[in-house]
Amino acid sequence: MPRSNRPRGRRERDEVPELDLARALQGRLHTESKRDGLWNVQPLTAASAVKVYTCPGCGLEIEPGVAHLVAWRADGLFGEADDLASRRHWHVHCWKIRT
C-alpha cells in the first residue's frame, strides 16, 4: 500500500508569523567599495522584480521579471534617509563593470 506524504495532525492555518524584513534580507544585503565610495547592494530575484526601471549604467529598461540589483550610497553626506531615496536599480552586468 502506498505511503501518504501528508503531514499527520491538524495545522492551525490562522497563525501566520509576521514577516521580519531585516531577517528576510539578512545575508543578501551587502556593502561594496567602488571608486566613488561605499555602496549598499541588494540583489533582487526575477520573482520580486515587478516594475519597469531604467538602469543608470546603460540607460535601458529593466523589465518586470528580470533579476537585477538595487544600489545606494552607504557613506552619503546627507544621511541614510537621503541615501535610500536616491537608490537606483541596475542590471547586474552594468553594476559589475561600473568603475
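**A note on the four-stranded sheet**

1. Let's start with the overall layout: four strands form an open sheet in the order β1-β2-β5-β6, and their pairing is antiparallel. Please keep in mind as you read on that this is a predicted model.

2. The edges of the sheet are taken by β1 (30–34) and β6 (88–90). Each of these has a single partner strand, so one side of each is left without a neighbour in the sheet. From one strand to the next, the twist averages 40 degrees.

3. Now to the pairing of β2 with β5. Strand β2 covers residues 37–44 and strand β5 covers residues 68–73; the two run antiparallel and are joined by six bridges. If you would like landmarks along this pairing, W39 has R73 of β5 as its bridge partner, while P43 stands opposite L69 in β5.

4. On to the pairing of β5 with β6, where three bridges join the strands, again in antiparallel fashion. Here a handy pair to look up is A71, which stands opposite R88 in β6.

5. How covered is β5? Mostly: five of its six residues are buried, that is, under 20% relative accessible area. As a reminder for viewing, side chains in a regular strand alternate between the two faces of the sheet. Taken with the pairings above, β5 is joined to β2 by six bridges and to β6 by three.

Definitions and conventions: Residues are numbered from 1 along each chain as its sequence is written. This is a predicted model: local features need pLDDT of at least 70, side-chain atom pairs count only at pLDDT 80 or more; totals for chains, interfaces and linings use all residues. Side-chain values use heavy atoms; hydrogens and water are left out. Two strands pair if DSSP finds at least two bridges between them. Axes are lines fitted to C-alpha atoms, for helices over the stretch in contact, and angles run from 0 to 180 degrees between N-to-C directions. Buried means under 20% relative accessible area, exposed over 50%, partly exposed in between (1.4 Å probe, protein chains only).
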